[in-house]
Amino acid sequence: MIIDLRSDTVTRPDNGMLQAMHDAEVGDDVFGDDPTVIDLELAAAEMFGKGAALFLPSGTQSNLAALLTHCNRGDEYIVGQEAHTYLFEGGGGACLGGIQPQPLNQEPDGTLDLNKVLSLIKPDDYHYARTRLLCLENTTWGKVIPESYLKEAKSLAEERSLGLHLDGARIFNAAVEEDVPVSKIASYFDSVSTCLSKGLGAPVGSVLLGDVEFIAQARRWRKMLGGGMRQSGILAAAGLYALKNNVNRLIEDHANAHKLANSLGSIDGIDAEPAYTNMVFVSVQEEKRQRLIEHLNKNNVLVTGFIGSRLRLVTHKDVNQDAIDQVISYFADYFSP
Ligand SMILES: *Cc1c(COP(=O)(O)O)cnc(C)c1O
């Protein structure tokens, strides 16, 4: 059995989900008559407390459709230097939308310093791009953005007439960890993108949420970006199943991450950061890194490479407690004198 800690994107649909996909009633979503897609969009809008929702094939396309809806050519959005939207989405906003990013380093807790954000908002002067949007991410590096911060970000955005978008790929991890409904977090934002294909365990899909007018506009962009799908009820069924069955269980992934971080941290030679939600970051001496990866792979444990001194381990639905215990023992073997 392979234990895959590379990401929570690797989860496979389980039998219940496959059955739901098999049984899905479908239509043609480009004609707007796929009943299962409609059900998913209604359920998501209700869950997030937003006027409407849009089902898209990926989180990248969902964030891009949001950028294109909030901003015009020559506009600017403020975003974290290591935020997914800025760093890992191919520069889509700039390339396809003529939207200039204004990145800044995130604080260690994953937030953007709001004083720095203020200082980066451009004056209304034709030398500058028009600052239109502030984009946050929750969770970032597994960390949950505190609600007090979300309040401050919302009032800043209101005062300065900026749109506020959340890349909430893992918003459900944040909500479950804080024990709040996801609508609470979403209430601070004009638009939210979330992934069904991460910890929730669906094979494909993201949902973008906003008010009715925003989503109508985003729907036009989705078509242009090639995201208009046909019998996509088969995929939406997996998403609906995930929203019903796989949200509350995220707490198990968080418990597994805690256990992993605590146990690895007690091994001589490993520095483990405290685990937040479903992510664990460990550091080891440079000489040990390559052979550690080989040792784990040889024992059927998959990990991504070190980035600098840090290795990220992600827990999810397809890694149970026994698997976590095994991983701990492989690390312990490797570091035992
Ligand atoms: C995974 C992810 C996305 C979207 O990714 P896709 O692979 O395009 O679905 C966006 N933001 C964050 C923070 C992510 O982790």
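**Helix packing and salt bridges in the predicted model**

Helix H13, spanning residues 286-298, packs against helix H14, spanning residues 321-335, at an angle of about 135°, and the two axes lie 10 Å apart. The structure analysed here is a predicted model. Because angles over 145 degrees count as roughly antiparallel and those from 65 to 115 as roughly perpendicular, H13 and H14 are described as oblique to each other. The crossing in which H13 passes H14 is right-handed. On the side of H13, the contact is made by Lys288, Arg291, Leu292, His295 and Leu296, which meet Tyr330, Phe331, Asp333, Tyr334 and Phe335 of H14. By residue class, this contact of H13 with H14 comprises 6 nonpolar, 1 polar and 3 charged residues.

Salt bridges were examined next. The structure holds 16 salt bridges, among them the pair formed by Asp75 and Arg130, in which the closest N and O atoms are 2.6 Å apart. Asp75 belongs to strand E3 (residues 75-80) and Arg130 to strand E5 (residues 130-137), so that this salt bridge ties together parts of the chain that are 55 residues apart in sequence. The two partners are described by separate accessibility values: Asp75 is buried, with a relative accessible area of 0%, whereas Arg130 is partly exposed, with a relative accessible area of 42%.

A further salt bridge joins the side chains of Arg249 and Asp253, with an N to O distance of 2.6 Å. Arg249 has a relative accessible area of 16% and is classed as buried, and Asp253, for which the relative accessible area is 0%, is likewise buried.

The side chains of Glu273 and Arg310 also meet in a salt bridge, for which the N to O distance is 2.8 Å. This pair links distant parts of the chain, 37 residues apart, with Glu273 placed in the loop between strand E9 (271-272) and strand E10 (279-283), and Arg310 placed in strand E12 (residues 310-314). Glu273 is partly exposed, its relative accessible area being 27%, and Arg310, at 32% relative accessibility, is also counted as partly exposed. Beyond individual pairs, salt bridges that share partners join Asp75, Arg130 and Arg132 into one network; within this network, Asp75 is the residue of strand E3 that pairs with Arg130 of strand E5.

Note on methods. Residues numbered from 1 in each chain as written. Predicted model: local features only at pLDDT ≥ 70, side-chain atom pairs only at ≥ 80, totals over all residues. Heavy atoms only, no water. Axes fitted to C-alpha atoms, helices over the stretch in contact; angles between N-to-C directions. Helix = DSSP H or I, 4+ residues; strand = E, 2+ residues; numbered from the N terminus. Parallel < 35°, antiparallel > 145°, perpendicular 65-115°, else oblique. Left-handed = near helix turned anticlockwise from the far one by under 90°. Contact = heavy atoms within 4.5 Å. Nonpolar A, V, L, I, M, F, W, Y, C, P; charged D, E, K, R; others polar. Salt bridge = Lys/Arg side-chain N within 4 Å of Asp/Glu carboxyl O. Buried < 20%, exposed > 50% of the residue type's maximum accessible area, 1.4 Å probe, protein only.
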